[in-house]
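Thank you all for coming. I would like to walk you through one structure, taking its aromatic residues before its sheet.

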Amino acid sequence: MCELRGLWVLRDTSGEVLFSRRYPSVELRIKALIGDAYVCIPSDAELVRLFRHKTNADIEVTGSCVIELNSMWPLVYTHKSGAFYCAILADCNYSTPQYSLINRPAITACLLLLEDIISLVSPYAPLYKASQFAELHVFLMHALPFGRPIESSKYILKMQIKQGNAILDPLTQKHPAWRPHTFKGRQQLDLTIRESIVCVQYDHPLVADTWSVSGSVLCRAELEGLPEVTAFIVPPASSTPPEINFISVDPCVQAELDPTHSNKFVFVPPLDPFNLCTYGVSRMNRIPLRGFYQMKEISPNVVKILVQLKLDSDTNQFEYCVMHIPFKGRGFISGVQMSPTAGSVALDPSQTMLVWNIGQKFTGKNLEVALPAEISFSNQISNTTLLSSSTSGWLSPPALAATETAALEELRSDPFCTGENTYVKLHFKIVGSNLSGLTVDLKRLSLFPNAKVKAGVEHEICSSDYTIWNSLGQGRMCTSA
């Protein structure tokens with residue numbers, strides 16, 4: 001268990017204090033325990049100055065760290081979504097900060113608390129207004145009223161705030177640790193089978209395309225009492241169904257696994273959404289989007305490209321489908337002449353990449369879309385206005401919000417991506433379909449004790465890392481020894 005002396009949210013670029021909270025009761029206890037060795041927490045302005053000096057305000061680094069700040073140790077911070085989330089722990093061992101951090105479970109608990117706070121605040125990124133932190137004040141009043149966390153799940157806390165003492169009535173039966181309270185309201189059970197694909201395509205006769213698929217079953221259960229849910233996940237009715245490599249289940253789930261027929265899961269669900277199970281898939285003989293990319297140099301400052309995509313999925317419905325076409329080490333894009341068959345094309349603020357927003361459906365003949373374009377480059381940033389278009393025409397670069405130094409940072413050349421060695425990245429989410437064909441048999445779904453519940457199953461395919469290399473150049477690949 002950890003105990004906090006203070007908590008701060010700082011804007012990463014300017015160091016502006018977006019939120020701060022101190023716990024005087026914790027300070028009094030620390031002062032009494034430490035005595036003359038006690039060091040008080042400085043003002044917010046001084047703390048920001050010390051923090052930025054200690055960390056050199058390295059806003060390019062994302063992640064977490066533990067540092068000593070002006071004899072205050074440990075200060076735990078994590079950087080995400082344009083802000084630093086910092087907390088000073090109430091640790092009495094100021095004189096021995098050297099021993100292993102693994103022996104300090106309070107640091108792990110503090111990092112988990114900061115992650116919960118990030119999940120609450122990050123939807124407001126990157127603008128972050130003071131009025132948006134009112135919800136965080138209420139969250140901390142319930143999560144750690146006196147500096148010591150008692151409950152940090154935003155779902156459970158929102159339920160406590162909404163239902164008041166109704167969920168704190170004496171329990172008639174023992175609750176599992178992951179479901180400390182009961183739900184009151186309309187009962188609903190939603191299951192989402194979400195599969196992610198990592199794919200690399202070369203369009204080369206001597207190099208095979210590679211891909212791997214993994215999936216998870218996300219469960220959101222709003223059920224009254226302590227229901228025991230029984231669900232069956234079944235493979236598709238096919239002569240050669242995909243093979244499930246492994247299945248890993250949540251600790252609250254009891255499972256009877258039989259990948260060739262059906263998998264039985266019995267569980268008392270937590271109040272917040274959770275991954276019922278995760279799994280890996282092999283023997284996949286198709287991918288959702290087959291791609292083709294060619295880039296050819298016309299002159300040192302002009303290239304021609306052709307991108308083609310063909311949809312091979314059970315549904316033609318995207319939540320989003322966006323392609324990034326980077327041009328590493330070529331300078332800044334000064335003009336584009338193009339004629340996409342679907343969607344629209346815009347210039348990334350770095351002026352080194354095109355962004356093709358294909359849309360939510362493939363409207364082309366035979367479910368195919370294409371983007372032919374001619375791109376010219378220069379060594380200077382232009383301040384003209386961007387004209388985003390889905391028809392033929394010249395695109396001029398936009399006025400950048402970032403400085404030229406930041407844009408030049410984007411131009412760091414990849415040692416491999418020179419000449420015609422280049423690629424495109426595809427980002428998409430297909431709804432209403434999955435690759436493995438796994439689904440939840442709603443007819444066999446049951447609850448004990450028996451209750452009337454609205455249940456639903458959704459399927460999604462998401463790109464995790466979807467790369468298409470230029471077929472006229474070389475692509476990165478792995479070879480066996």
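Let me begin with a question: is Phe 377 buried or exposed? Phe 377 is buried, with a relative accessible area of 6%, where buried means under 20% and exposed over 50%, with partly exposed in between, for a 1.4 Å probe and protein chains only. Before going on, I should say that this is a predicted model, in which local features need pLDDT of at least 70, side-chain atom pairs count only at pLDDT 80 or more, and totals for chains, interfaces and linings use all residues. Residues are numbered from 1 along each chain as its sequence is written, and side-chain values use heavy atoms, with hydrogens and water left out.

Phe 327 is buried as well, at 2% relative accessible area. Phe 327 and Phe 377 form an edge-to-face aromatic pair, 5.4 Å centre to centre with 65° between the planes; rings of Phe, Tyr and Trp (its six-membered ring) pair if their centres lie within 6.5 Å, and planes under 30 degrees apart count as stacked, over 60 as edge-to-face and the rest as tilted.

By this rule there are 10 aromatic pairs. In one of them, the rings of Phe 51 and Tyr 77 have centres 5.1 Å apart and planes at 90°, so this pair is edge-to-face. Phe 51 is buried, at 1%, and Tyr 77 is buried too, at 12%.

Turning to the sheet, it is open, has 9 strands and shows mixed pairing; strands here are DSSP runs of E with at least two residues, numbered from the N terminus, and two of them pair if DSSP finds at least two bridges between them.

Terms used. Helix = DSSP H or I, 4+ residues; strand = E, 2+ residues; numbered from the N terminus.
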